[in-house]
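Open the model in your viewer and keep the selection panel handy. We will go stop by stop.

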Amino acid sequence: TQDELSNKLSELISYLRNGKRDIPVLISKPFLWGKPIVCMAIEKAAAKTNATVMDMSELSQDLSFRAIGEFEHSGVAAHPGNKGMKRIADIIYRNLAKVL
């Protein structure tokens, strides 16, 4: 359930911080497959732990961010290609700059 996932994510964030609440944590919503229950659980865990949520959903709107045509398997090709990976890096960098 959403609450179980949120609680487990909160536990993981707390574990990674090792008791130091001031350590910044970035957590990402899914690139694709933006399941509302998962996204809400991520938001809830981030709010509870003061983590920063990165929204990658913009990448799913533009097919040029995917690896279409680079891989025979359609499931693999649906993942980010080089342009998508560059965009993900930009989003991570932008969010890191906010918390450091």
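Which residues does serine 10 touch, not counting those up to four places away in sequence? Select serine 10 and look around it: the answer is Ala45, Lys48 and Thr49. Bear in mind that this is a predicted model.

**Stop 1: serine 10**

Serine 10 sits in helix α1. Is serine 10 buried or exposed? Its relative accessibility is 5%, and buried means under 20%, so serine 10 counts as buried.

**Stop 2: the α1–α2 pair**

Now select α1 (2–17) and α2 (36–49). Their axes are 8 Å apart, and the two helices pack at an angle of about 40 degrees. That angle makes α1 oblique to α2, because it falls outside the parallel, perpendicular and antiparallel ranges. The crossing of the two helices is right-handed.

Show the side chains of the contact. From α1, pick Gln2, Asp3, Leu5, Ser6, Asn7, Leu9, Ser10, Ile13 and Arg17. From α2, pick Ile37, Val38, Met40, Ala41, Ile42, Lys44, Ala45, Lys48 and Thr49. Colour them by type: nine are nonpolar, five polar and four charged.

**Stop 3: the largest core**

Clear that selection. Which residues form the largest nonpolar core? Select these eight: Leu9, Ile13, Val25, Ile27, Ile42, Ala45, Ala46 and Ala51. Both α1 and α2 supply at least two residues of this core. The largest share comes from α2, with three residues.

Leu9, Ile13, Ile42 and Ala45 belong to this core, and they also appear in the helix contact. Ala45 is one of the residues that serine 10 touches, too.

**Stop 4: valine 25**

Stay in the core and centre on valine 25. What is valine 25 in contact with, leaving aside neighbours within four places in sequence? Its partners are Ile13, Arg17, Ala51 and Thr52. Of these, Ile13 and Ala51 are fellow members of the core, while Ile13 and Arg17 are part of the α1 side of the helix contact.

**Stop 5: the second core**

Move on to a second, separate core. This one has seven residues. Select Met54, Phe65, Ile88 and Ile91, which are among them.

**Stop 6: alanine 47**

Finish back on helix α2, at alanine 47. Buried or exposed: which is alanine 47? Alanine 47 is exposed, because its relative accessible area is 65% and the cut-off is over 50%.

Last, draw a C-alpha to C-alpha distance from alanine 47 to phenylalanine 31. The two are 16 residues apart in sequence and 20 Å apart in space.

Notes: Residues are numbered from 1 along each chain as its sequence is written. This is a predicted model: local features need pLDDT of at least 70, side-chain atom pairs count only at pLDDT 80 or more; totals for chains, interfaces and linings use all residues. Side-chain values use heavy atoms; hydrogens and water are left out. A nonpolar core is a set of buried Ala, Val, Leu, Ile, Met, Phe, Trp, Tyr and Cys residues joined through side-chain atoms within 4.5 Å. Buried means under 20% relative accessible area, exposed over 50%, partly exposed in between (1.4 Å probe, protein chains only). Helices (H or I, at least four residues) and strands (E, at least two) are DSSP runs, numbered from the N terminus. Contact means heavy atoms within 4.5 Å. Axes are lines fitted to C-alpha atoms, for helices over the stretch in contact, and angles run from 0 to 180 degrees between N-to-C directions. Angles under 35 degrees count as roughly parallel, over 145 as roughly antiparallel, 65 to 115 as roughly perpendicular and the rest as oblique. A crossing is left-handed if the near helix is turned anticlockwise from the far one by less than a right angle, and right-handed if clockwise. Ala, Val, Leu, Ile, Met, Phe, Trp, Tyr, Cys and Pro count as nonpolar, Asp, Glu, Lys and Arg as charged, and the others, Gly among them, as polar.
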